[in-house]
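Here is a short set of exercises to work through with the model open beside you. Try each task before you read its solution.

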Amino acid sequence: MTNPIAEKTVQLLKKIREHHPLIHQITNFVVMNSTANITLAIGASPIMAHSHEEMEAISGFSSALTLNIGTLTPYWVESMIKAGKEAGKRGVPVILDPVGAGATPLRDEAVRQIIDEVPVTVIRGNASEILSLSSQGKEIKIRGVDSLETVEAVRDNAFHLAHRLGKIIAITGKVDFVTDGHKSIEVHNGHAMFSAVTGTGCGATTAISCFCAVEKEKDFLTATAAALGYYGLAGEIAAENSKGPGSFQVALYDALYNLSEKTMMDRLNIKEIQLH
Amino acid sequence: MTNPIAEKTVQLLKKIREHHPLIHQITNFVVMNSTANITLAIGASPIMAHSHEEMEAISGFSSALTLNIGTLTPYWVESMIKAGKEAGKRGVPVILDPVGAGATPLRDEAVRQIIDEVPVTVIRGNASEILSLSSQGKEIKIRGVDSLETVEAVRDNAFHLAHRLGKIIAITGKVDFVTDGHKSIEVHNGHAMFSAVTGTGCGATTAISCFCAVEKEKDFLTATAAALGYYGLAGEIAAENSKGPGSFQVALYDALYNLSEKTMMDRLNIKEIQLH
Amino acid sequence: MTNPIAEKTVQLLKKIREHHPLIHQITNFVVMNSTANITLAIGASPIMAHSHEEMEAISGFSSALTLNIGTLTPYWVESMIKAGKEAGKRGVPVILDPVGAGATPLRDEAVRQIIDEVPVTVIRGNASEILSLSSQGKEIKIRGVDSLETVEAVRDNAFHLAHRLGKIIAITGKVDFVTDGHKSIEVHNGHAMFSAVTGTGCGATTAISCFCAVEKEKDFLTATAAALGYYGLAGEIAAENSKGPGSFQVALYDALYNLSEKTMMDRLNIKEIQLH
């Protein structure tokens, strides 16, 4: 029995490793080193840059753009908008990670402004962040950058948000959920140890950027699910080869780098579901 | 024979792992990733944020605040003061790491201003940094961010500084020394390998923040010593399981995550001493 | 048969471990943690600082200065120039890493300005970056921070650039090439796995800074080759003890820390060559 999403995952990874697409990342100070290493382990090439003077030039030779508001200031939000607009003009996919959305007015306003001004392709967050985006100003309870909600509880919100915005929404958690507001996909790969290492959510966003960078048929829904399946499976293998969060992170980079086609075909657990 | 400080250490760690307190960290670019991972390995939750616009909001839901001047600029010092004042209003413990105090006028002025304007609870530094703070403008010899002094040589300075400021002072080194200017505690756990990895001093400060975040009886002297004992013991175990600074850091995160109650009760070496 | 460059490598490393020279690093956000750890593993002491107010003070007690434009903004370029001028006055070696030179006008202008205003001692880059520097405004094709050129293809450019500028130029790649425009040296130590980990090029620059910091006979050509040989050999050993980019980085820090005199004398492969 063939699994078309697993096959697509294998094909996209092959293309990444063949073309080494350049991934422009405007991201937070905490995870820059991790997401650069994750980008390289996947087979793509990272460029971190945020100076307003070079946003246009760098967008000019990048294949995907990651926007991550983890340690935002107004200057950095402006960097994101400059780069995002240029990426939009060139048809380059833009992946938004709304870290801590709902936690402070600064973050809510930044996310609103980015979504208004930049043609974002995919938004990936935890359940609380996605709930916050879908609540449009209605007060909800968020605490810092952790999720207080479960993925299951906010699936409907994600589905309607995706439909309304015309974007892909991905919620990561125990079981990841990806939707475009029409079709929806569940990703069952992953491991609880991810939450004991900083930047692993941001790393999932990085994986999505790498996969979308080489997705030429514009099926970003499947590319997003493929990225999360591959990334989650690498986490499973890392957990089998480690004994705590330090060795897990090391093993995660190794697993992303070494993951074979056969292991992916055997163990990827990604499936389309009917939400309604 | 029971050891009340070891018992308190076990209890505080249990509370951290139960409540996952949010630790707001305004810290330097070099160690942000490390201290976020150390926070998670201990069982707490890190939030790194420095934008002036959200300092009040983030202080509003945090349980401790770390201020670390490692790569300071005037903007970041202002972030620290904004967040510190709000933390003070809410009775949230503030832990100051005066990295490189004594090395440049910018750092001395920043530390002076923070101590003047923010109700700092604990100051943790190496011997040179604490000597610099206690010298009040008298010239002393400091070189960069390393300590040229031993902990033993500046114990009296720390004791009198703590007494004068009404704060907890912790000096880390071969044997750590913690004092409130009345009572003093020695922490004999630790390992020389800590000094071969960047950010391990800042990591000790992080551990103090996590332990103070759940200390509801306001005994921050014991909570600080408990944090240093637990952190130092994790370093001992990491050294037993590594063969250089790279594998030491990995093993440190694993050890912080896995440290058991039994190992702590067996190996914690923390004791109150009479300084005068 | 003795190898004088290998012997000099051993001697310089011994001096680093004896004197722990302070290396001031104005570098990018992605690699700060890595290069601080590499500095410590080598035996030197890192200080990362960029605030304009303390550039002069920090240059006043540092033994080498690294300038790396990876995530530059105009503020940071100004920090580099302030620190570089002071280092120049004091005769402290300045090591420039022109990350992404040729990729954007901002980077080209920054490199031009730094070379004009600061007495840079050594420039280390990949082949594309060095080609870009030697092309003086003639358009060449660069993509992001990766090299599209081979070291061999741009040796002549490096030789003439070194001659014209009166500086040491080092190109790292499969075989490293170091020249002062008169004499040239090849370094055959290294491993392909370096390119799967972020910041390893910047780490090579760090190693050069550490070696130049203790080179008192002003033979910075040999000191640069020595640093690259030692660093490349540590990478070879790391590759023997790892199974992917995560464990490679960990093993690299361990190898830098543990590399013995005997292993260096046996395995360093550095030799002077006749280019013309």
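Two strands count as paired if DSSP finds at least two bridges between them. Keep in mind throughout that this is a predicted model.

**Exercise 1. The bridges of one histidine**

Task: Find which residue is the bridge partner of C:His24 in strand 3 of chain C, and which residue C:His24 stands opposite in strand 2 of chain C.

Solution:
- Step 1. Begin with strand 1 (residues 22-26) of chain C, which pairs with strand 3 (residues 64-68) of chain C in the parallel sense, over 4 bridges. Within strand 3 of chain C, the bridge partner of C:His24 is C:Leu65.
- Step 2. Now turn to strand 2 of chain C, which also pairs with strand 1 of chain C in the parallel sense over 4 bridges. Here C:His24 stands opposite C:Ile47.
- Step 3. Look at what joins strand 1 and strand 2 of chain C: together with helix 2 (residues 32-42) of chain C, they make a right-handed β-α-β unit.

**Exercise 2. The whole sheet of chain C**

Task: Work out in what order the strands of chain C are arranged in the sheet, and which of them are edge strands.

Solution:
- Step 1. Trace the sheet across: its 9 strands come in the order 2-1-3-4-5-6-7-8-9, the sheet is open, and the pairing is mixed.
- Step 2. Check the two ends of that order. Strand 2 and strand 9 (270-273) of chain C each pair on one side only, and these are the edge strands.
- Step 3. Add the twist, which averages 20° from one strand to the next.
- Step 4. Is strand 2 (residues 45-48) of chain C covered on its faces or open? Both faces are covered, with C:Ser45 and C:Ile47 buried on one side and C:Pro46 and C:Met48 buried on the other.

**Exercise 3. Strand 1 and helix 2 in chain B**

Task: Find which residue B:Gln25 stands opposite in strand 2 of chain B, and how many residues of helix 2 of chain B are buried.

Solution:
- Step 1. Strand 1 (residues 22-26) of chain B runs parallel to strand 2 of chain B, and 4 bridges join them. Across this pairing, B:Gln25 stands opposite B:Met48.
- Step 2. For the helix, use the cut-off for burial: a residue is buried if 20 or more other C-beta atoms lie within 10 Å of its own. By this test, 11 of the 11 residues of helix 2 of chain B are buried. Among them are B:Met32, B:Asn37 and B:Ile42.
- Step 3. Go just past the helix to B:Gly43, which follows helix 2 of chain B and has a positive phi, near 120°.

**Exercise 4. How exposed is one asparagine?**

Task: Decide why A:Asn3 counts as partly exposed.

Solution:
- Step 1. Locate A:Asn3 in the segment before helix 1 (4-19) of chain A.
- Step 2. Count its neighbours: A:Asn3 has 15 C-beta neighbours inside 10 Å, so it counts as partly exposed.
- Step 3. For a sense of distance, take A:Val250, which is 247 residues from A:Asn3 along the chain; their C-alpha atoms are separated by 30 Å.

**Exercise 5. Laying one chain on another**

Task: Identify what turn lays chain A on chain C, and which residue of chain A comes closest to the rotation axis.

Solution:
- Step 1. Any two copies of a chain are related by a rotation about an axis and a shift along it.
- Step 2. For chain A on chain C, the turn is 120° and the shift along the axis is 0.0 Å, with an RMSD of 0.0 Å. That is the relation of a three-fold axis.
- Step 3. Of the residues of chain A, A:Phe29 comes closest to the axis, with its C-alpha at 3.8 Å.

**Exercise 6. The contact between chain A and chain C**

Task: Find how many residues each chain gives to the contact, and which helix of chain A gives the largest share.

Solution:
- Step 1. Chain A gives 28 residues to the contact and chain C gives 24.
- Step 2. On the side of chain A that touches chain C, at least two residues each come from helix 2 (32-42), strand 2 (45-48), helix 3 (55-59) and helix 10 (245-258) of chain A. Helix 10 of chain A has the largest share, 8 residues.
- Step 3. Sorted by class, this side of chain A has 18 nonpolar, 7 polar and 3 charged residues.
- Step 4. Finally, compare the two surfaces: only 11% of the interface residues of chain A are also interface residues in chain C, so the copies meet through different surfaces.

Conventions. Residues numbered from 1 in each chain as written. Chains lettered and ligands numbered in written order. Predicted model: local features only at pLDDT ≥ 70, side-chain atom pairs only at ≥ 80, totals over all residues. Buried ≥ 20, exposed ≤ 12 C-beta atoms within 10 Å, placed from the backbone. Right-handed = clockwise from strand over helix to strand, strands pointing away. Least-squares fit on C-alpha atoms with pLDDT ≥ 70 in both. Contact = placed C-beta atoms within 7 Å. Nonpolar A, V, L, I, M, F, W, Y, C, P; charged D, E, K, R; others polar. Axes fitted to C-alpha atoms, helices over the stretch in contact; angles between N-to-C directions.
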